[in-house]
Amino acid sequence: MKKRHARARVLRRLADGPDRVPPACPLVETCGGCPWQGISRGTQLDALARHVAHLLQRSTGQAVEVEAVPTLEGLAWRSTARLHWKDARLGYRGHRDDAIIDVASCPVLAPPLPTLLATVRARLMPVLRGTGTLRLSAGPGAAAGTVYLAGALPPAVVSAARALVGAPGCQGVVIDCTGKDRERRGQTENLVQGVLHPAEAFMQAHGPGTAALIAAVVERAGPPGPVLDLFAGSGAFTLALAQRGHRVTAVEEVGVAARCLKRQIGELPVEVVTGDANRPPRQPDGQPYPVAVLDPPRAGAAGAVAGLHAAGTRRLLYIACDPATLARDAGWLVARGWQVREALVFDLFPHTGHVETLLVLERP
């Protein structure tokens with residue numbers, strides 16, 4: 001029991017409910033990656049939509065209708081995956097504890113990640129020692145992807161990682177030894193929905209779902225005009241908005257992502273600011289941006305929300321992977337006169353208790 005939540009586990013399943021389906025993975029009872037595999041996809045999305053609606057109502061004091069946007073892919077959907085190793089075990093965190101569940105294959109990985117995972121296991125596991133993290137990423141439909149390793153890496157692991165480039169499924173490697181500069185080998189960026197993402201930077205894991213989310217944001221940004229894109233990453237929303245005719249100022253704190261975005265601008269009307277998105281800028285003439293897009297990490301965007309409210313922004317498109325922090329920030333805005341105009345949830349994390357939400361807020 002925690003202060004704000006409790007955890008429970010099933011001791012014995014007496015009977016299958018009407019919404020139960022056979023799990024696709026034999027590790028579902030131990031691996032923490034996809035614990036909802038035994039629930040039908042429609043029931044999963046309905047539960048997530050109701051959860052978001054409940055949190056928004058509790059924080060804003062208003063009933064909020066939540067529209068669910070489904071995705072068809074239940075398997076082979078994940079284009080990026082973070083794994084952990086401890087000594088010679090490589091896989092995901094356990095369902096009930098932090099033990100590493102050794103994963104030889106994973107049914108939710110989209111090609112070419114199954115090939116890349118097999119290559120990594122064959123080349124690295126004989127030399128893995130200690131602990132660390134490893135991220136596999138690839139663009140949808142790509143022939144090869146990238147590997148990002150981070151931790152206190154012994155020389156044998158570094159040497160084996162360098163040799164991954166050109167092996168089946170691997171186009172590039174980023175080696176991040178503790179306290180040292182990152183080493184890059186091969187092509188270390190992945191193309192997703194026309195946008196390049198560095199191997200170590202954030203990218204959405206669900207290709208088709210991400211395309212639907214980007215389209216929804218662009219549609220709700222309104223007619224071409226100035227837009228502020230906070231927590232812009234490598235530019236998934238920035239470039240799509242600019243291609244629609246908006247003049248976009250993108251703010252991103254992570255240097256590798258901001259630099260990648262700058263290289264992709266070309267002639268598009270985009271300015272990239274490397275800095276803290278929780279301190280949003282005004283337009284060059286001192287006026288507020290009428291529309292702002294926010295895609296913060298799980299901690300939410302309390303600072304950015306307060307700054308945009310003070311500056312006079314009129315419309316917010318808030319994208320969130322954590323409904324609790326989204327509800328917290330939405331409640332703060334509603335208490336100051338803002339109104340929730342629309343709420344959509346996107347099924348970007350099938351078989352998990354996670355969901356991506358797009359909340360549209362305006363002030364009268």
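**Figure 1. Surroundings of Ala240 in helix H5 of the predicted model.** Leaving aside residues up to four places away in sequence, Ala240 touches Ile214 and Val218. The residue belongs to helix H5, which spans residues 236-243. Ala215 is separated from Ala240 by 25 residues in sequence, while their C-alpha atoms lie 8.2 Å apart in space.

**Figure 2. Packing of helix H1 against helix H8.** Two packed helices are described by the angle between their axes and by the distance between the axes. Helix H1 (residues 41-60) and helix H8 (residues 323-334) meet at an angle of about 35°, and their axes are 8 Å apart. The crossing of H1 with H8 is right-handed. On the side of H1, the contact involves His51, Val52, Leu55, Leu56, Ser59 and Thr60. H8 contributes Pro323, Ala324, Ala327, Ala330, Gly331 and Val334. Sorted by class, the contact of H1 with H8 comprises 8 nonpolar and 4 polar residues, with no charged residues.

**Figure 3. The open sheet of 8 strands.** The strand order is E1-E16-E17-E15-E14-E11-E12-E13, and the pairing is mixed. Strand E1 (67-69) and strand E13 (270-274) each have a single partner strand, so one side of each edge strand is left without a neighbour in the sheet. With direction ignored, neighbouring strands of this sheet are turned by 15° against each other on average.

**Figure 4. Pairing of strands E11 and E12, and helix H7 across the sheet.** Strand E11 (residues 226-230) pairs with strand E12 (residues 247-252) in the parallel sense, over 5 bridges. Asp229 has Ala250 of E12 as its bridge partner. Helix H7 (residues 302-311) lies across E11, strand E14 (291-294) and strand E15 (315-320). The helix runs at about 180° to E14.

**Figure 5. The open sheet of 7 strands.** The strands follow the order E4-E3-E2-E5-E6-E7-E8, with mixed pairing. At the edges stand strand E4 (100-102) and strand E8 (183-186), each of which pairs on one side only. From one strand to the next, the twist averages 30°. Strand E7 (residues 170-177) runs antiparallel to E8, and 4 bridges join these two strands. Within this pairing, Gly172 is placed opposite Gly186 of E8.

**Figure 6. Helices H2 and H3 lying across strands of the sheet.** Helix H2 (residues 113-124) lies across strand E2 (80-86), strand E3 (89-93), E4, strand E5 (131-137), strand E6 (145-151) and E7. Its direction is at about 150° to that of E5. Helix H3 (residues 155-162) lies across E6, E7 and E8, and runs at about 155° to E7.

**Figure 7. The largest cavity and its lining residues.** Rolling a probe the size of a water molecule over the atoms shows where empty space is left. The structure contains 1 cavity of 30 Å³ or more, and the largest cavity encloses about 30 Å³ of space. Its lining is formed by Pro280, Pro281, Arg282, Pro288, Tyr289, Leu308, Ala311 and Thr313. By class, this lining has 6 nonpolar residues, 1 polar residue and 1 charged residue. Leu308 and Ala311, both among the lining residues, fall within helix H7 (residues 302-311).

Terms used. Residues numbered from 1 in each chain as written. Predicted model: local features only at pLDDT ≥ 70, side-chain atom pairs only at ≥ 80, totals over all residues. Heavy atoms only, no water. 1 Å grid on protein atoms, 1.4 Å probe; cavity = no way out; pocket = protein on both sides within 12 Å on 5 of 7 lines; lining within 4 Å. Points joined across faces, edges and corners; volume = space filled by probe spheres on them. Nonpolar A, V, L, I, M, F, W, Y, C, P; charged D, E, K, R; others polar. Axes fitted to C-alpha atoms, helices over the stretch in contact; angles between N-to-C directions. Left-handed = near helix turned anticlockwise from the far one by under 90°. Contact = heavy atoms within 4.5 Å. Pairing = 2+ DSSP bridges.
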